[in-house]
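Here are a few exercises to work through with the model open beside you. Try each task before reading its solution.

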Amino acid sequence: MNVAIFVRVSSLQQTTENQRLELYEVCERNDWTIVEEYNETVSGTKGEDERDELKRMLTDASRKRFQKLVVWSVDRLGRNMRHLVTVLSQMKDLNVDLYSYKQGIDTSTTMGSSFFYMVGIFAELENNMRRERQIVGIRRALDNGAKFGRKSKLNDVTISAISSM
């Protein structure tokens with residue numbers, strides 16, 4: 001069976017190498033032929049229009065380049081339920097299955113397809129909880145006098161001169 005691998009990390013300080021190594025081993029054990037690899041460094045919260053490798057993968061799926069997409073975890077495809085459902089629906093419409101190594105989900109089975117939706121709900125919940133923690137942390141930092149944003153390039157003399165105009 002021809003498969004594609006999709007790996008993603010959120011920042012340049014991270015690497016996809018561990019994901020790649022594990023997925024290559026999975027494909028070898030299952031006797032799957034890897035025909036393409038999609039490798040992204042972008043936040044999973046970004047939309048499809050901001051994710052070039054995701055767009056390329058969906059285009060290749062529509063061209064029937066592979067029968068199954070292999071990912072390390074479902075959150076590599078996206079972090080919110082709406083986006084995950086959209087991607088899965090597109091894949092299902094194209095008769096391309098999804099295999100998620102970390103969750104052990106294979107959408108070629110009825111149980112795997114149903115479980116994928118549940119995992120997506122938990123991925124979105126995790127993302128929302130992280131966002132709430134960030135908001136609380138930022139609020140606390142502001143209350144303690146932290147300053148966010150760029151530092152002003154204007155010095156006090158320049159500000160006084162502008163103010164007196």
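Helices (H or I, at least four residues) and strands (E, at least two) are DSSP runs, numbered from the N terminus. Keep in mind that this model is predicted.

**Exercise 1. Find where Lys 64 sits, and describe its backbone and its exposure.**

Step 1: Place the residue. Lys 64 belongs to the loop between α2 (52-62) and β3 (68-71).

Step 2: Check the backbone. Lys 64 is not a glycine, yet its phi is positive, at about 60°. For context, most residues other than glycine have a negative phi.

Step 3: Judge the exposure. Partly exposed covers the range between the buried limit of 20% and the exposed limit of 50%. Lys 64 has a relative accessibility of 47%, so it counts as partly exposed.

**Exercise 2. Do the same for Asp 31.**

Step 1: Asp 31 lies in the loop between α1 (17-29) and β2 (33-41).

Step 2: Just after α1, Asp 31 adopts a positive phi of about 60°, although it is not a glycine.

Step 3: Asp 31 counts as exposed because its relative accessibility is 65%.

**Exercise 3. Work out how strand β1 is paired and whether it is enclosed or open.**

Step 1: Start with burial. Seven of the eight residues of β1 (residues 2-9) are buried, so the strand is largely enclosed by the rest of the structure.

Step 2: Look at the pairing with β2. β1 and β2 run parallel and are joined over eight bridges; Val 7 has Asn 39 in β2 as its bridge partner.

Step 3: Follow the chain. From β1 it passes through α1 to β2, making a right-handed β-α-β crossover.

Step 4: Turn to β3. The pairing of β1 with β3 is also parallel, over four bridges, and Ala 4 stands opposite Leu 69 in β3.

**Exercise 4. Show which face of α1 is buried, and what it packs against.**

Step 1: Check the length. α1 has 13 residues and reaches 19 Å from its first C-alpha to its last, close to the 18 Å expected at 1.5 Å a residue.

Step 2: List the buried residues of α1: Gln 19, Leu 23, Val 26 and Cys 27.

Step 3: Look down the axis. The buried residues of α1 fall within an arc of 95°, so they line one face of the helix. In general, an α-helix has 3.6 residues a turn, so residues three or four places apart point the same way.

Step 4: Compare the other side of α1, where Asn 18, Glu 28 and Arg 29 are exposed.

Step 5: Find the partners. The buried residues of α1 pack against β1, β2, β3 and β4 (97-100).

How values were computed. Residues are numbered from 1 along each chain as its sequence is written. This is a predicted model: local features need pLDDT of at least 70, side-chain atom pairs count only at pLDDT 80 or more; totals for chains, interfaces and linings use all residues. Side-chain values use heavy atoms; hydrogens and water are left out. Buried means under 20% relative accessible area, exposed over 50%, partly exposed in between (1.4 Å probe, protein chains only). Two strands pair if DSSP finds at least two bridges between them. A crossover is right-handed if, with the strands pointing away from the viewer, the path from the first strand over the helix to the second runs clockwise. The expected span of a helix is 1.5 Å times one less than its number of residues. The arc is that of the directions from the helix axis to the C-beta atoms. Contact means heavy atoms within 4.5 Å.
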